[in-house]
Structures are given as structure tokens and as C-alpha cells.
Amino acid sequence: MEKSYKEYLKNIDTFVFDVDGVFTDSTLMITSEGEMLRTMSVKDGYAVKTALQKGYKICIISGGTNEGVRLRLNALGVKDIYLGAHHKMDALNQYMEMYNIEPSTMLYMGDDIPDIPPLKTVALSTCPQNAVQEVKAVSMYVSHKNGGEGCVRDVIEQVLKVKGDWMTNFSAAND
């Protein structure tokens, strides 16, 4: 019998995320000057900040090159951000080597074809509900949330809850 994705949650200490289609809903608003605007969920942002404060590692690997994305994620505390990464395994391998991270402790969330090699490398492969079918086929867990609508928070919250790290600093959480 195949293991449930839930059995992998307790081993995760590193999250790796794509941006477009994961933190965003895959749509771009393009201004008349050609600037590309995206929206991100503040709920995802809260989960990212919480995970970092609890000592988890977070890495971003995106084919996109929008520096606004870097600014937003830096503001949340994310330091390891690879933009313009069209060969995502190169960035993932560099990140794992830099911090001596084993794939067995990693969760990856992606939504499209370029994410398949990293998804096949890590212990826990995940994707948003609206990921392409090829990605869903290789993902252990398909979030009930779409990209840009809380799928990042979904997976972070599940890992942190299993490890007792979610909402442990609020007395209301224990009521």
C-alpha cells in the first residue's frame, strides 16, 4: 500500500515554492507601460512568516523575473529566491548543496510543466487545485485551494500543525 502524503509531513523542514500559479493565480495584469502586475494572498504571506519564525527554511524558484516578487517575499523574510530559473533543478540543486539539505526533508509546490523535475526529486510533491493535469499526476498532494488563493498556507499550515508549530504563541489556540 502506498504511503499517504500525511506520513511525510512530520519530516518536512524545508519548503520550496514556484511563484506564478502558486503564490499567484497565474493571471497577469499588464499596464500600458508594459509592467506586469500580480496579486498574492496575505494568508499565504502570514503562513510564510510564521514558518520562517519557527525556523523552517523557505526557497522560491521561479521562471519569472519580476523584482516586485522578490521585494514582497524579502519583506516576508524569504532570503533564498531564484528568479529567471528556467531549469528549476539547477536552482534546486544549488540550494540543497548550499545548505546541505536532503530531499527527504523537502516539500515542493508547483503548478506547471517546468515544476515536474523538482516535484519528482523532493519527499513531498504538492500542487494547487488548479495545477495542470501533468503536475497533478506527479503530486502526492493536490491542495483544495487554487494558486493565489491560499494553497501555500494550506501546505505550510499542515506541516506546522503536525509538528506542533502552528499558533503555539497564541493562548486562544489552546482554548
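Reader: Hi! How much space lies in the largest pocket?
Author: About 160 Å³ in this model, which is a predicted one.

Reader: Cool. Which residues line the largest pocket?
Author: The lining is made up of Thr24, Glu35, Met36, Leu37, Arg38, Thr39, Met40, Asn66, Gly68, Val69 and Arg72. Two elements give two or more residues each to that lining: β3 (36–37) and α3 (67–75).

Reader: And which element gives the largest share of the lining?
Author: That would be α3, with 3 residues.

Reader: How many nonpolar, polar and charged residues are there in the lining?
Author: The lining has 4 nonpolar residues, 4 polar ones and 3 charged ones.

Reader: Thanks! Switching topic to Ser143: where is it found?
Author: Ser143 sits in the loop between β8 (141–142) and α7 (151–162).

Reader: Is Ser143 buried or exposed there?
Author: Ser143 counts as buried, because its relative accessibility is 0% and the cut-off for buried is under 20%.

Reader: OK, and which side chain does the side chain of Ser143 make a polar contact with?
Author: The partner is the side chain of Asp154, at 2.6 Å. A polar atom of the Ser143 side chain also lies 2.9 Å from the backbone nitrogen of Lys145.

Reader: Leaving aside neighbours within four places in sequence, which residues is Ser143 in contact with?
Author: With those neighbours set aside, Ser143 is in contact with Met109, Cys127, Pro128, Gln129, Cys151 and Asp154. You'll recognise Asp154 as the polar contact partner of the Ser143 side chain.

Technical notes: Residues are numbered from 1 along each chain as its sequence is written. This is a predicted model: local features need pLDDT of at least 70, side-chain atom pairs count only at pLDDT 80 or more; totals for chains, interfaces and linings use all residues. Side-chain values use heavy atoms; hydrogens and water are left out. Helices (H or I, at least four residues) and strands (E, at least two) are DSSP runs, numbered from the N terminus. Buried means under 20% relative accessible area, exposed over 50%, partly exposed in between (1.4 Å probe, protein chains only). A polar contact is a pair of N or O atoms within 3.5 Å; within protein, one must be able to donate a hydrogen and the other to accept it, and residues adjacent in sequence count only if both atoms are side-chain atoms. Contact means heavy atoms within 4.5 Å. On a 1 Å grid over the protein atoms alone, a cavity is a set of points where a 1.4 Å probe fits but cannot get out, and a pocket is an open set with protein on both sides within 12 Å along at least five of seven lines; lining residues have an atom within 4 Å of a point. Grid points are joined across faces, edges and corners, and a volume is the space filled by probe spheres set on the points. Ala, Val, Leu, Ile, Met, Phe, Trp, Tyr, Cys and Pro count as nonpolar, Asp, Glu, Lys and Arg as charged, and the others, Gly among them, as polar.
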